[in-house]
Amino acid sequence: MMTAGRLSFCNITALAPMVRVGTLPMRLLALDYGADVVYCEELIDIKMAQCQRVENQVLQTVDFVAPDDRVMFRTCEREKDRVVFQMGTADPDRALIVAQLVENDVAAIDVNMGCPKEYSTKGGMGAALLSDPDKIEAILKKLVTGVSIPVTCKIRILPSVEETVSLVKRIEKTGVAAVAVHGRLKEERPRHPLHCDYIQAVARAVSIPVIANGGSLDMVKTNADIEEFRKATGASSVMLARAAMWNASVFTNQGPLPLEKVMEDYIKYAIRYDNNAFNSKYCLCQMLRDKVESPLGKRVQAAQTTAEISEAYGLQEFYQQIQKEQQSRRDALQSDSQPDRPVMDGDVTTMAVKFERREYPPHITPKMFLLEWSRKEKLEQPLYEMVQRSQDRAFQSTVTIAGKKYRSSLWEKSKKFAEQAAAIVCLRILGVPEGRIGEEDSGLVCKRKRDGKLNGNTEEEGSKKRHVVDIQQETDDTKTVVVANGDHRDPDTPPEQA
């Protein structure tokens, strides 16, 4: 569906943007089954504007990562020419910042102007924009002139056909490539009938492609129904939400495929691209629908990890195979990269190290390993000193142990990550394991679990008590000082006088 290198919205069938559903596994699944275009879930401009673009060489994806290390948007080469990035926005300037951040990794930008949910409308986004056509124009014009890829929007209908047509004509003049129309008022829900006549009127009134949406319950249950829905609305294209969520094989004329096959294909993508386990659970429960209380449904609901979801569907071997492949990539990247060389900065040993949370098991951190090592060696516990750079509020931490100081030369966005990076430098210099996934068991942190009991308490109770104490000690042993330009100074040293 490409025209001169640009995504075309004529005569397409698309996966609609759906919150918590339109993540990478579902988008790839829809493409496999025959969707021409796939939209990501609505992502809010304020959150996306804080993200950094990261090339994930282990997963072979491009990730947009928030300051708290959450992946807000993940994409890959497979969908690059067919994925539409949908944002929630009410601010033209911020919308452009986000669009320019992602434009080289997606095929088009879409603005959500139809979501009636409070989380969207309370910020003036989504369906709230329908009552502010001037702002709609400002946002769309800013995007159309500011990015090199197509810009579209998705709306709901207004109370009258005339108002709806008038709005879409204004939207067309901004230069957008297409407009998707959900044929319901913002107050209406899926149980209300779809207003196909409104979509027909819009399609007749404008020359840009109109994408019909909202027919999943009333009109589209199978692949054959898609063309009937297109004819009934007079639209150029069709966008499916719930029909695709329930069974993505609605996009193939070979379907519908058995739900078990569809769920298995979905889980394989969730494993391969490290999808959040709770997001995967949500999508699987939507597919199960009235079978969510079946034995399989209960196992899915009880699962806490992707490994447990894989086990519920008999995909343990596939899960383990992908884990091995990804670990091999990590090891290869580690060996291929320039080895980190320690550099002395005054009396501090430094290395260029970042703390990557995904490289460590849940509840295991380098700081825990360093603390346990110091206890084993009967040393005073590690002391962390923090500095904050004023221009971007980034952090660096120096850890002191056995009279020697260690620090990462890289700045982190949080105090916690800065301390973990300092602990990693110390552990690597000392040749002590740091707890990364794939390391052999050192016995430092896990020894207590193998011993079973602590002072008459169960292992779990003892572990919890020690964990609370460790956290308190870590908090008490951290000092912070703000620095203007990243130069380091002992926290107890007064600033130089001008």
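Start at Asn11, in the loop that runs between strand 2 (6-7) and strand 3 (13-15). In this predicted model, Asn11 has a positive phi of about 55°, even though it isn't a glycine. That's worth a second look, since most residues other than glycine have a negative phi. Keep it in mind, as another residue of this kind turns up further along.

Now step back to the whole chain. There are 18 helices and 22 strands, and buried residues make up 50% of the 498 residues. If you take the contacts with a separation of 6 or more, 65% of them come from residues 24 or more positions apart.

A handy place to go next is the open sheet made of three strands, which sit in the order 6-7-8 with antiparallel pairing. Strand 6 (52-56) and strand 8 are the edges, each pairing on one side only. On average, neighbouring strands here are turned by 25° against each other, ignoring direction. Helix 1 packs on this sheet, where it touches strand 7 and strand 8, and its direction makes about 25° with that of strand 8. Looking at the strands themselves, strand 7 (residues 61-65) pairs with strand 8 over four bridges in the antiparallel sense. To find the register on your screen, look for Val65, which stands opposite Val71 in strand 8.

Helix 1 and strand 8 also take you to the largest pocket. Its volume is about 1900 Å³. Helix 1 (24-33), strand 5 (43-44), strand 8 (71-75), helix 10 (259-272), helix 11 (277-288), helix 13 (306-312) and helix 14 (316-336) each give two or more residues to its lining. Which residues lie nearest the centre of this pocket? Out of 49 lining residues, they are Arg74, Asp274, Asn275, Asn276 and Ala277. By character, the lining splits into 23 nonpolar, 12 polar and 14 charged residues.

Ala277 leads on to Gln304, which you'll find in the loop between helix 12 (295-302) and helix 13. The two are 27 residues apart in sequence, but their C-alpha atoms are 6.8 Å apart in space. Leaving aside residues up to four places away in sequence, Gln304 touches Ala277, Phe278 and Lys281. With a relative accessible area of 44%, Gln304 falls between the buried and exposed classes, so it counts as partly exposed.

Next, look at a couple of strands that are covered. Strand 12 (residues 178-182) has five of its five residues buried. In a regular strand the side chains alternate between the two faces of the sheet. In strand 12, Ala178, Ala180 and His182 are on one side, Val179 and Val181 are on the other, and all are buried. Strand 11 (residues 151-156) pairs with strand 12 in the parallel sense over five bridges, and Ile155 stands opposite Val181.

Strand 16 (residues 348-351) tells a similar story: Val348 and Thr350 on one side and Thr349 and Met351 on the other are all buried. What sense does its pairing with strand 15 take, parallel or antiparallel? Strand 15 (residues 343-345) and strand 16 run antiparallel, over three bridges, with Thr349 as the bridge partner of Met344. The two strands form a hairpin with two residues between them, and there Gly346 takes a positive phi near 70°. Strand 16 also pairs with strand 19 (residues 404-408), this time in the parallel sense over four bridges. In that pairing, Val348 stands opposite Lys405.

Last stop: helix 15 (residues 366-376). Why is this helix described as largely enclosed by the rest of the structure? Because nine of its 11 residues are buried. The buried ones are Pro366, Lys367, Met368, Phe369, Leu370, Leu371, Glu372, Trp373 and Ser374. An α-helix has 3.6 residues a turn, so residues three or four places apart point the same way.

Just after helix 15 comes Lys378, in the loop that leads from helix 15 to strand 17 (383-389). Here is that other residue: Lys378 has a positive phi of about 60° although it is not a glycine. Is Lys378 buried or exposed? Its relative accessibility is 74%, so Lys378 counts as exposed.

Notes
Residues are numbered from 1 along each chain as its sequence is written. This is a predicted model: local features need pLDDT of at least 70, side-chain atom pairs count only at pLDDT 80 or more; totals for chains, interfaces and linings use all residues. Side-chain values use heavy atoms; hydrogens and water are left out. On a 1 Å grid over the protein atoms alone, a cavity is a set of points where a 1.4 Å probe fits but cannot get out, and a pocket is an open set with protein on both sides within 12 Å along at least five of seven lines; lining residues have an atom within 4 Å of a point. Grid points are joined across faces, edges and corners, and a volume is the space filled by probe spheres set on the points. Ala, Val, Leu, Ile, Met, Phe, Trp, Tyr, Cys and Pro count as nonpolar, Asp, Glu, Lys and Arg as charged, and the others, Gly among them, as polar. Two strands pair if DSSP finds at least two bridges between them. Axes are lines fitted to C-alpha atoms, for helices over the stretch in contact, and angles run from 0 to 180 degrees between N-to-C directions. Contact means heavy atoms within 4.5 Å. Buried means under 20% relative accessible area, exposed over 50%, partly exposed in between (1.4 Å probe, protein chains only).
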